[in-house]
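Let's take a walk through this structure together. Have the 3D view ready and follow along.

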Amino acid sequence: MRRKHSIPIAIGSAIILLLLGTMVLLGFGNSGLFLNRNRVNPSGTGNPFGNMGGGQRIMGSGGSNNLSQTFTPLELQHLTQNVAKGATVHGNTVHYISPHAEIIAVGAPPGRPGMFWQVDGKVNPTIIVPEKSQITLVFADGDPGQNHGWELTTAAPPYPRMAMMTGAVASPGAFIMPVAPPSGSTWHGATITFAAPGPGTYYYICPVSGHAQQGMWGRFIVS
Ligand SMILES: [Cu+2]
């Protein structure tokens, strides 16, 4: 019995080894299949940095940023108007009732000087989401001449110049590599989804050096 099976097993093993070898080669190539899982899904549900976070620091993680999504200012305005359906606004606090929060974060769009976030139409608002929420974050850079990214961090202000080196990404995938500034009415950005971290206070910042320090941050509370 053992002998009869040994030849098919040997052939099977050889095929599996060949396949594995091919996959490893592809995975390390620049145009490798495996890099695709890091791309932002243009349909808006991708999780481009799902392999980050979970308490890991993100330094040295460059290279997987892909400018795969663009918006017009008008599109972002419409998205922002939709947010009101799942949230209530008191002063400068946006309180999500829905466990599926959709947040629209625009980096320093024209109309106001300085480094700031326009989130859900407000300037650096405090965002409150219920615990165990699933969050969809639509991000775009509206700032002519400046790169911006987005990060949900455990680090509290005041921020040093290299704010992204302090604390950790608060939830796996809650990070967007900096994108290019707008070209005309084409604004670069990305959409990510991530699970709310455990109850507590976190902060959304721009990870580009100096930007959080200059005011590009807001509170993010999970209650
Ligand atoms: Cu920035």
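Start with the metal: the donors of the copper ion are spaced along the chain as H-x57-C-x4-H. Keep in mind that you're looking at a predicted model. Spelled out, those donors are His148 through ND1, Cys206 through SG and His211 through ND1, sitting 1.9 to 2.1 Å from the copper ion. Check how much of this site is covered up, and you'll find that Cys206 and His211 are both buried.

Now hop over to Asp141, which belongs to strand S8, the stretch covering residues 134–141. What is the nearest side chain of opposite charge to Asp141? That would be Arg112, but it is 14 Å away, and Asp141 has no salt bridge even though it is buried.

So what does the side chain of Asp141 have for polar company? One of its polar atoms lies 2.8 Å from the backbone nitrogen of Asp143. There's also a link back to the copper site: the backbone nitrogen of His148, itself a copper donor, lies 3.2 Å from a polar atom of the Asp141 side chain. Leaving out residues up to four places away in sequence, Asp141 touches a whole set of others, including Gly107, Gln146, His148, Pro181 and Trp187.

Finally, step back to the nonpolar parts. In soluble globular proteins, nonpolar side chains tend to be buried together. Here, the largest nonpolar core has 43 residues, and Tyr96, Trp117, Val129, Leu137, Trp150, Leu152 and Phe220 have the most contacts inside it. Another core lies apart from that one, made of six residues, with Ala155, Tyr159, Ile205 and Ala212 among them.

Conventions:
Residues are numbered from 1 along each chain as its sequence is written. This is a predicted model: local features need pLDDT of at least 70, side-chain atom pairs count only at pLDDT 80 or more; totals for chains, interfaces and linings use all residues. Side-chain values use heavy atoms; hydrogens and water are left out. Donors are N, O and S atoms within 2.8 Å of the metal (3.2 Å for Na, K and Ca); water is not among the atoms, so sites may look incomplete. Buried means under 20% relative accessible area, exposed over 50%, partly exposed in between (1.4 Å probe, protein chains only). Helices (H or I, at least four residues) and strands (E, at least two) are DSSP runs, numbered from the N terminus. Lys and Arg count as positive and Asp and Glu as negative; His and the chain ends are not counted. A salt bridge is a side-chain nitrogen of Lys or Arg within 4 Å of a carboxyl oxygen of Asp or Glu. A polar contact is a pair of N or O atoms within 3.5 Å; within protein, one must be able to donate a hydrogen and the other to accept it, and residues adjacent in sequence count only if both atoms are side-chain atoms. Contact means heavy atoms within 4.5 Å. A nonpolar core is a set of buried Ala, Val, Leu, Ile, Met, Phe, Trp, Tyr and Cys residues joined through side-chain atoms within 4.5 Å.
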